[in-house]
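Open the structure in your viewer and keep the selection tool at hand. The tour below goes from stop to stop, saying what to select and what is there.

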Amino acid sequence: MNKPLRRIAIFCGLLVLTLLIRDNWLQYVQADELKEDEHNRRVAIERYASPRGDIIVDGKAITSHATTEGDFKYKRTYKDGAMWAPVTGYVSQAFGATQLESIDDGILTGNDDRLFFRNTLDMITGKKREGGNVVTTLNSAAQKAAYDGLKKQGAKGAVVAIEPSTGKILSMASYPSYDPTSIAGSNEAAGEAWNKLQKKNNPDDPMLNRALREVYPPGSTFKVVTAAAALEHGKYDSADEKTDSPLPWTMPGTTTELKNEGNIPCEDATLREALRVSCNTVFGKLGYDLGNAQMLETAKKFGFTEEQFVPVRSSASVFSDGMNDSQVALSSIGQYNTAATPLQMAMVTSAIANNGTLMKPYMVDELQAPNLDTIEKTDPEEMSKPLSADNAQILQSMMETVVEDGTGTNAQIDGVKVGGKTGTAQHGENNSKNPYAWFISYAKADDGSSPVAVAVVIEDDNAVRDDISGGGLAAPIAKNVMEAVIDSKK
Amino acid sequence: MSSTTNPPTHHTSTIGAIGAPSRRNTELALLVFAVLIPVFAYANVGLAINDEVPAGLLSYGFGLGLLAGVGHLVVRKFAPYADPLLLPLATLLNGLGLVAIWRLDQSELLQDIEQAGTAAPRQLMYTAMGIALFVAVMIFLKDHRVLQRYTYISMLGALFLLLLPLVPGLGKNIYGAKIWIQVGSFSIQPGEFAKIVLAIFFAGYLMVKRDALALASRRFMGLYLPRGRDLGPILVVWIVSILILVFETDLGTSLLFFGMFVIMLYVATERTSWIVFGLMMSAVGAVGVASFEPHIQQRVDAWLDPMKEYALSRAGVGGHSEQAQQALWAFGSGGTLGTGWGQGHSELIRFAANSDFILATFGEELGLAGLMALLLLYALIVERGVRTALAARDPFGKLLAIGLSGAFALQVFVVAGGVMGLIPLTGMTMPFLAYGGSSVIANWALIGILLRISDTARRPAPAAPANPDAEMTQVVRP
């Protein structure tokens with residue numbers, strides 16, 4: 001009986017061998033794949049096991065952390081969360097992460113490959129893993145001015161401010177906003193808060209980052225782009241040259257007259273005058289004269305039609321191609337299909353203020369290791385040159401006239417030269433809905449350089465239609481933001 | 001078996017010479033390690049989870065040490081020539097199992113599960129009961145051949161035990177498998193005990209019938225085909241396993257019993273044809289049942305695509321479980337060296353994390369290295385069992401020892417293979433490691449029987465009787 005016994009022994013040995021091979025396959029060959037599987041909860045447990053790094057504004061963290069119940073140890077908290085939400089986005093144990101929190105997640109959690117060497121050292125020395133910091137370009141005074149201004153209006157809206165010489169984003173506010181701390185956990189309260197913030201339950205859509213992700217018809221503020229196109233394509237060489245602008249003007253191919261707001265002196269007005277009083281006829285005809293292709297070319301140089309990554313993605317602003325003559329005319333005064341994000345209009349303003357050079361907008365200055373060493377630094381980068389320095393200065397003088405003596409007087413700042421443009425964009429069928437109030441502006445230092453360019457948009461469902469004008473609602477906010485930047489530089 | 005008229009120098013037994021060392025001191029030394037290792041592991045878990053040496057360390061170490069000590073003393077007294085490895089191996093596995101169960105008791109996530117937080121003390125109690133049964137076997141089973149007398153009673157007993165879970169009101173359906181019965185507040189898995197009783201029946205039956213089965217056969221295509229009437233018993237066992245599979249939807253037990261029978265049949269008859277028959281019949285049975293039994297089908301589906309099963313379970317589709325995928329993640333996350341005691345997250349497996357899936361905790365926290373060591377501990381138990389079978393002097397002892405160790409090996413394979421995703425999951429547990437009274441108690445009895453057989457095998461042959469005629473059977477060799 002011993003021969004079959006020995007064979008059974010071999011069989012049992014084979015069973016064990018099979019198990020050992022399978023174990024090696026699981027725990028050696030497949031180990032990393034299983035370990036890093038996104039559905040493997042250990043990945044999330046590990047992610048929340050140590051405090052997350054901070055997002056920093058003006059040298060101060062605008063984020064912090066708190067401990068939570070359950071297997072996720074730490075959650076994110078935010079200081080002035082609603083104000084900063086368009087900058088930070090959120091990171092939630094239950095709902096993932098967005099915007100900066102998502103894009104720089106690796107640095108903030110400490111899992112980034114660039115921290116690998118450091119992490120390995122820490123593992124050897126027994127130190128706990130820490131997250132790095134994200135240092136932003138934002139200016140807390142400007143952000144506060146922007147958010148408080150929007151909040152005071154109580155209407156939906158957004159503000160973006162840029163430093164024209166570098167492209168640094170100084171302020172990015174959106175209203176109504178939300179406090180990302182409320183959804184950072186994974187408990188029931190966070191779930192309820194999350195549901196309340198969803199668009200289907202909250203028509204105000206507070207989680208929408210209007211500064212980057214909403215496109216509005218830019219209305220009259222787009223006239224500066226049309227003016228830039230006219231100057232760049234040699235249609236006119238000076239702000240004070242009389243234009244060939246009949247009044248009334250019937251749009252080509254139609255029997256419709258293009259109307260101005262009120263009885264304003266637009267017949268053959270100079271560019272300066274036309275921008276000062278915001279003549280639809282002058283800029284409509286100008287756009288028609290230039291044609292779709294030339295208008296589109298200039299708009300594209302300002303960043304239209306492309307998504308921007310700052311590094312958070314912004315929606316692409318729209319200037320259409322293949323339009324007929326009347327559509328081009330309407331598009332050139334910021335109507336028809338033309339639509340822009342607040343970021344886009346801030347970029348337009350900043351390019352003009354920066355003597356024609358558009359700097360790539362960005363909001364992350366630096367990524368820091370846990371010990372504050374710099375891992376990555378963002379250098380200012382030229383994005384395009386939509387207009388020459390001479391033409392930019394012509395346009396600047398026109399925009400400064402608007403603030404000194406036109407529709408934008410509300411943005412005047414004592415002792416500082418300010419250029420701007422108002423906009424009151426119509427929308428809805430037959431313009432039935434309340435218009436958007438726009439204001440774009442920049443401040444200019446004595447040496448001709450510009451510390452800040454800003455775009456403000458407000459959508460007010462409750463205001464009386466006539467009351468809404470960029471100068472009335474939006475310009476004061478722009479002024480406060482510019483003042484905040486100028487003051488913080490002193 | 002080899003009594004001879006020649007002088008004692010010509011003894012031709014398969015075991016060592018007369019006066020072989022009892023090896024009890026080896027066993028004692030190994031037992032010290034078998035108790036100390038789990039005690040260190042226990043301290044390790046406490047330090048990892050609560051940053052302090054657990055308060056129960058002394059009483060736990062004392063408890064395990066006492067049980068092992070009692071076991072050792074009883075073996076020393078009643079089975080002095082027994083195998084020295086089996087008791088330490090079982091003690092070590094049982095102790096490590098207790099540590100892992102205690103570690104899962106500490107998990108916050110498992111607090112809402114039945115018997116959460118108190119499984120370790122209960123398991124210690126079951127261990128005590130297991131050792132008690134072990135002691136009883138050692139004391140009252142003076143010679144394993146006594147069991148031969150109860151061949152047919154064993155058959156009835158095994159059938160009775162197997163059918164118990166089907167009794168209405170007594171049986172308990174836990175997640176689709178009907179292999180438990182509920183007595184008072186205790187859940188009992190009669191299958192674990194049936195394993196041993198059935199091995200006794202098979203050994204007794206085959207010892208009697210082995211010649212008929214082996215010799216009365218026709219040769220066909222190189223295989224010895226048994227006569228139709230000798231096929232009877234194997235068909236009966238096959239049908240019983242299929243019935244278990246169908247009515248209790250328990251693939252593991254069915255496979256275990258059938259596999260054990262085929263192994264014993266092969267050893268008894270030395271006919272390879274039985275293996276071929278056995279494999280064919282189990283394949284036909286398993287495939288046949290799996291094709292119409294939804295519970296088995298689902299187990300197979302979960303095995304083939306655990307991720308899909310996980311997604312279904314997460315989506316709230318009833319009857320699906322994410323355990324299989326969670327176990328795979330636990331193994332993978334452990335990697336080569338593991339996270340260390342108490343630092344893994346095997347509690348994510350939730351239900352049965354400390355019983356059917358306890359191996360995943362070892363895989364995650366001790367890593368590939370620790371799990372391989374653990375599997376080799378099991379391999380050693382099997383090896384000692386097979387060695388006992390080889391050394392046994394009587395066919396009944398041989399058959400019983402190989403049946404028990406073969407079943408043990410199959411069980412380890414089926415459970416570990418299931419948890420590691422090698423084969424579909426079954427409703428059995430890792431012997432000694434897993435939480436569960438029936439399993440621990442039955443396996444201590446199994447070790448007791450193996451020790452008894454090995455003691456008989458290694459015991460020096462009694463001095464030749466003065467009168468050779470006094471011996472019942474005399475084999476005279478030329």
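## A turn after a helix

Begin by selecting Asp51(B), which sits just after H1(B) and has a positive phi of about 60°. The model is a predicted one, so read each stop as a description of a prediction.

Now step back and select H1(B) itself, residues 24–50 of chain B. How many residues does H1(B) have, and how far does it reach? It has 27 residues and covers 39 Å from its first C-alpha to its last, close to the 39 Å expected at 1.5 Å a residue. Colour the buried residues of this helix: Glu27(B), Leu30(B), Leu31(B), Ala34(B), Val35(B), Pro38(B), Ala41(B), Tyr42(B), Val45(B) and Gly46(B). What do the buried residues of H1(B) pack against? Show helix H2 (57–78) and H3 of chain B, and you have both partners.

## H3 and H4 of chain B

Keep H3(B), residues 86–105, and add H4(B), residues 119–140. Their axes come within 8 Å and cross at roughly 160°. That angle makes H3(B) roughly antiparallel to H4(B). The crossing is right-handed.

To see the contact, select these two groups:

- From H3(B): Asn94(B), Leu98(B), Ile101(B), Trp102(B) and Asp105(B).
- From H4(B): Ala119(B), Ala120(B), Gln123(B), Leu124(B) and Thr127(B).

Coloured by class, the contact of H3(B) with H4(B) shows six nonpolar, three polar and one charged residues.

## H5 and H6 of chain B

Select H5(B), residues 151–163, together with H6(B), residues 190–215. The two axes come within 8 Å and cross at roughly 155°. H5(B) and H6(B) are therefore roughly antiparallel to each other. Is the crossing of H5(B) and H6(B) left-handed or right-handed? H5(B) passes H6(B) in a left-handed crossing.

On the H5(B) side, the contact includes Gly157(B), Ala158(B) and Leu161(B). On the H6(B) side, Phe193(B), Val197(B) and Phe201(B) are among the residues to pick. The contact of H5(B) with H6(B) divides into twelve nonpolar, five polar and no charged residues.

## H8 and H14 of chain B

Next, select H8(B), residues 251–269, and H14(B), residues 395–419. Here the axes come within 9 Å and cross at roughly 145°. H8(B) passes H14(B) in a right-handed crossing. Residues to show in H8(B) include Leu255(B), Gly259(B) and Ile263(B). In H14(B), show Gly403(B), Ala407(B) and Leu410(B), among others. This contact of H8(B) with H14(B) has twelve nonpolar, five polar and no charged residues.

## Over to chain A

Hide chain B for a moment and show chain A. What secondary structure does chain A have? It comes to 17 helices and 20 strands. The C-alpha atoms of chain A fill a box of roughly 115 × 50 × 40 Å along the principal axes. Of its 490 residues, 55% count as buried. Among the contacts in chain A between residues at least 6 apart in sequence, 69% join residues at least 24 apart.

## Where the chains meet

Bring chain B back. The contact takes 30 residues from chain A and 37 residues from chain B. On the side of chain A that touches chain B, helix H1 (2–29), helix H2 (31–35) and helix H3 (41–47) of chain A each supply at least two residues. Which of these should you select to see the most of that side? Choose H1(A), which gives the most, with 17 residues. By class, the side of chain A that touches chain B divides into 15 nonpolar, six polar and nine charged residues.

Terms used. Residues numbered from 1 in each chain as written. Chains lettered and ligands numbered in written order. Predicted model: local features only at pLDDT ≥ 70, side-chain atom pairs only at ≥ 80, totals over all residues. Helix = DSSP H or I, 4+ residues; strand = E, 2+ residues; numbered from the N terminus. Buried ≥ 20, exposed ≤ 12 C-beta atoms within 10 Å, placed from the backbone. Contact = placed C-beta atoms within 7 Å. Nonpolar A, V, L, I, M, F, W, Y, C, P; charged D, E, K, R; others polar. Axes fitted to C-alpha atoms, helices over the stretch in contact; angles between N-to-C directions. Parallel < 35°, antiparallel > 145°, perpendicular 65-115°, else oblique. Left-handed = near helix turned anticlockwise from the far one by under 90°. Expected span 1.5 Å × (residues − 1).
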